[in-house]
Amino acid sequence: MTWGWEFVPDEETVADGAPAEFLAEVVGRADELVRAAEVLYLHGPSFQEADEGARHVFVAGGFFVYMVTPRSELVSIWQVTPDPLV
């Protein structure tokens with residue numbers, strides 16, 4: 001198994017209509033979160049504690065909600081919210 005990230009349930013549902021520049025920021029930060037989780041949870045599939053729960057990240061153009069699931073070696077992005085004033 002290898003670490004990765006994905007939109008849950010899918011990109012069309014989560015990110016439909018979001019500006020491309022904002023989504024590029026989301027993707028860049030998601031890649032960073034994967035690298036950090038990979039280091040923090042070296043033995044992800046054997047992780048026995050509770051997941052850390054949902055978190056928010058603010059990026060240029062808005063924010064997104066994600067969760068790290070070590071046992072699945074996955075960063076899932078549940079919601080992206082572009083700034084309506086940008």
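Here are four short exercises with worked solutions on the structure above.

The model is predicted, so local features need pLDDT of at least 70 and side-chain atom pairs count only at pLDDT 80 or more, while totals for chains, interfaces and linings use all residues. Residues are numbered from 1 along each chain as its sequence is written, and side-chain values use heavy atoms, with hydrogens and water left out.

**Exercise 1. The length and sides of H2**

Work out what span helix H2 should have, and which of its residues are buried.

Step 1. Helices (H or I, at least four residues) and strands (E, at least two) are DSSP runs, numbered from the N terminus. The expected span of a helix is 1.5 Å times one less than its number of residues. H2 covers residues 20-40, which is 21 residues, so 30 Å is expected; the end C-alpha atoms are 30 Å apart, in agreement.

Step 2. Take buried as under 20% relative accessible area, exposed as over 50%, and partly exposed as in between (1.4 Å probe, protein chains only). The buried residues of H2 are then Phe 22, Leu 23, Val 26, Ala 30, Leu 33, Val 34 and Ala 37. They cover an arc of only 120 degrees around the axis (using directions from the helix axis to the C-beta atoms), which puts them on the same side of H2.

Step 3. Now turn to the other side of H2, where Glu 21, Ala 24, Arg 35 and Val 39 are exposed.

**Exercise 2. The order of the sheet**

Find the order of the four strands and name the edge strands.

Step 1. Two strands pair if DSSP finds at least two bridges between them. The four strands form an open sheet with mixed pairing, in the order E1-E4-E3-E2. E1 and E2 are the edge strands, each pairing on one side only.

Step 2. Go through the pairs. E1 and E4 are parallel, with four bridges, and Trp 5 has Val 75 in E4 as its bridge partner. E3 and E4 run antiparallel and are joined by eight bridges; here Phe 63 is partnered by Thr 81 of E4. E2 and E3 are also antiparallel, with five bridges, and Val 59 has Gly 62 in E3 as its bridge partner.

Step 3. Look at the hairpins. Two residues lie between E2 and E3, and Gly 61 has a positive phi near 95 degrees. Four residues lie between E3 and E4, with Glu 73 in the turn at a positive phi of about 50 degrees.

**Exercise 3. How H2 meets the sheet**

Which elements do the buried residues of H2 pack against?

Step 1. With contact meaning heavy atoms within 4.5 Å, they pack against strand E1 (4-7), helix H1 (11-15), strand E2 (55-59), strand E3 (62-69) and strand E4 (74-82).

Step 2. H2 lies across E1, E2, E3 and E4 and runs at about 155 degrees to E4. Axes are lines fitted to C-alpha atoms, for helices over the stretch in contact, and angles run from 0 to 180 degrees between N-to-C directions.

Step 3. Check the cover on E3: seven of its eight residues are buried.

**Exercise 4. The salt bridges**

How many salt bridges does the structure hold?

Step 1. The criterion is a side-chain nitrogen of Lys or Arg within 4 Å of a carboxyl oxygen of Asp or Glu. The structure holds two.

Step 2. Glu 32 and Arg 29 form one of them, at 3.3 Å from N to O. Both lie in helix H2, three residues apart, about one turn of the helix.

Step 3. Arg 55 and Glu 52 also form a salt bridge, with the closest N and O atoms 3.0 Å apart. Arg 55 is partly exposed at 39% relative accessibility, and Glu 52 is partly exposed at 30%.
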